[in-house]
Amino acid sequence: MAGNTGAPLLLRLVAASVSVAEKAGTIVRDVFNSGELGVVEKGGKNDLQTQADRSAQECIVQSLSRQFPKVTIIGEEEPTDEVVDESHLETGLSEEVLKAVCPQDLQAVKDEDVVVWVDPLDGTKEYTEGFLDHVTVLIGVAVNGKAVAGVINQPYYNYKAGPGATLGRTMWGIVGLGAFGVERLVPPADKRIVTTTRSHSNKLVTESIEAMQPDEVLRVGGAGHKVLLVIEGKAHAYVFATPGCKKWDTCAPEAILHALGGKLTDIHGNALQYHRDVKHPNTGGVLATYSDHDWYLGRMPESVKAAVKP
């Protein structure tokens, strides 16, 4: 097994994921800078795939599977038969992660207990349209069906700071340990801000948002980006009352939010499940908050809950 063999599997896996996510973020920027995005429609104009999605997934899945061959890894993009580009592989391990103390309940985790959920480029539509701050690389680690660790890379963090600015940041978290590389900030106390989808809205989404009586609604791309808005105090809640997003969209952000003391469930209050054989869509929608989770659950219209089944 790669790296510091004295460290528990979970720490080694997160340490590898931090290095891999940073490499994937570099690939995302390189593809954009090349001007050759290679866009294809997977399921219509709001469900796109680019060369960055394909190359970043190859980087993540191949790098992790070579280091952790017995761990189940599920990526958003369909695997291809193309020869692996060795330049996309990353073998490094984050020293910061390896120095951490693994929570007691996660120290004996075995390979077969783990599923890694990968979204190589969350916010693809926004990426193609130049809304680069919406883009994230997501690597979520689930143990026995529960999201316990996550790594998020923002390839374009700080990109509005002008020429010469250092781009990108990577954050990671483990439930029971905390989150690093991101700071928990408190949202404004004098108004309610809700974030939701930019490109996948419908009647159910609209009704549920209106029921929250927000003062402001942030319609942005990427589930990872929306959970970060909650973590960093730019929104009080992420409300998405429709089955649009998938397990690879929520596993990493959920783990980091939970590591900081927040909560992510479906709109009925049920915990999301991340077993290897679970259905990929989050059929019950998503509700993410740092506080007052039950208040938002209580405001969800019964008609919406009846239409959006877990």
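Okay, so let's start at Asp 292, which sits in the loop between strand S13, residues 286-289, and helix H8. Its phi is near 60 degrees, so to speak on the unusual side of the plot for our purposes: a positive value in a residue other than glycine. Is Asp 292 buried or exposed? Exposed, because its relative accessibility is 55%. And please keep in mind as we go that this is a predicted model.Actually, strike my aside about the unusual side of the plot; I have nothing here to back it. What I can say is that phi of Asp 292 is near 60 degrees and positive, in a residue other than glycine.

There's a second residue to put next to that one. Asn 144 also has a positive phi, near 50 degrees, and again we're talking about a residue other than glycine. Where is Asn 144? In the loop that links strand S5, residues 136-143, to strand S6, residues 146-154. Asn 144 counts as exposed because its relative accessibility is 51%, and the cut-off is over 50%.

Okay, zooming out to the whole protein. We have 9 helices and 13 strands. The C-alpha atoms fill a box of roughly 50 × 45 × 40 Å along the principal axes. The radius of gyration is 18 Å, and a compact globule of 310 residues would be near 19 Å, so the two agree. Of those 310 residues, 55% are buried. As for contacts, if you take the ones with a separation of 6 or more, 72% are between residues 24 or more positions apart.

On the surface side, about 13100 Å² is exposed, with carbon and sulfur atoms supplying 48% of that. For charges, I count 30 positive and 40 negative, and their mean positions are 4 Å apart.

Now let's go inside, beginning with helix H1, residues 9-34, where we find Leu 10. How buried is Leu 10? Its relative accessible area is 1%, so Leu 10 is well under the 20% cut-off. Leaving out residues up to four places away in sequence, Leu 10 touches Cys 102, Leu 106, Val 141, Val 143, Val 148 and Ile 174. If you want a feel for the fold, take Leu 10 and Ile 139: they are 129 residues apart in sequence, while their C-alpha atoms are 13 Å apart in space.

Next, a charged residue on the inside. Glu 126 belongs to helix H4, residues 124-129. Glu 126 has 3% relative accessibility, so it counts as buried. Which residues does Glu 126 touch, beyond those up to four places away in sequence? Phe 131, His 134, Arg 198, Ser 199, Gly 221 and Gly 222.

Last stop, helix H5, residues 203-211. Its buried residues include Val 205, Ser 208, Ile 209 and Ala 211. They span an arc of only 160 degrees around the axis, so they sit on the same side of H5. The general reason for such patterns is that an α-helix has 3.6 residues a turn, so residues three or four places apart point the same way. Over on the face turned away from the buried side of H5, you'll see the exposed residues Lys 203 and Glu 210.

And what covers the buried residues of H5? On the strand side, the cover includes S9 (193-197), S10 (216-220) and S11 (237-240). Helices H8 (293-299) and H9 (302-307) are also among the covering elements. That brings us back to where we started, since H8 is the helix at one end of the loop holding Asp 292.

Methods
Residues numbered from 1 in each chain as written. Predicted model: local features only at pLDDT ≥ 70, side-chain atom pairs only at ≥ 80, totals over all residues. Heavy atoms only, no water. Helix = DSSP H or I, 4+ residues; strand = E, 2+ residues; numbered from the N terminus. Rg over C-alpha atoms; globule rule 2.2 N^0.38 Å. Buried < 20%, exposed > 50% of the residue type's maximum accessible area, 1.4 Å probe, protein only. Contact = heavy atoms within 4.5 Å. Areas by Shrake-Rupley, 256 points an atom, 1.4 Å probe, with all protein chains shown as cover. Lys, Arg positive; Asp, Glu negative; His and termini not counted. Charge placed at Lys NZ, Arg CZ, Asp CG, Glu CD. Arc of directions from axis to C-beta.
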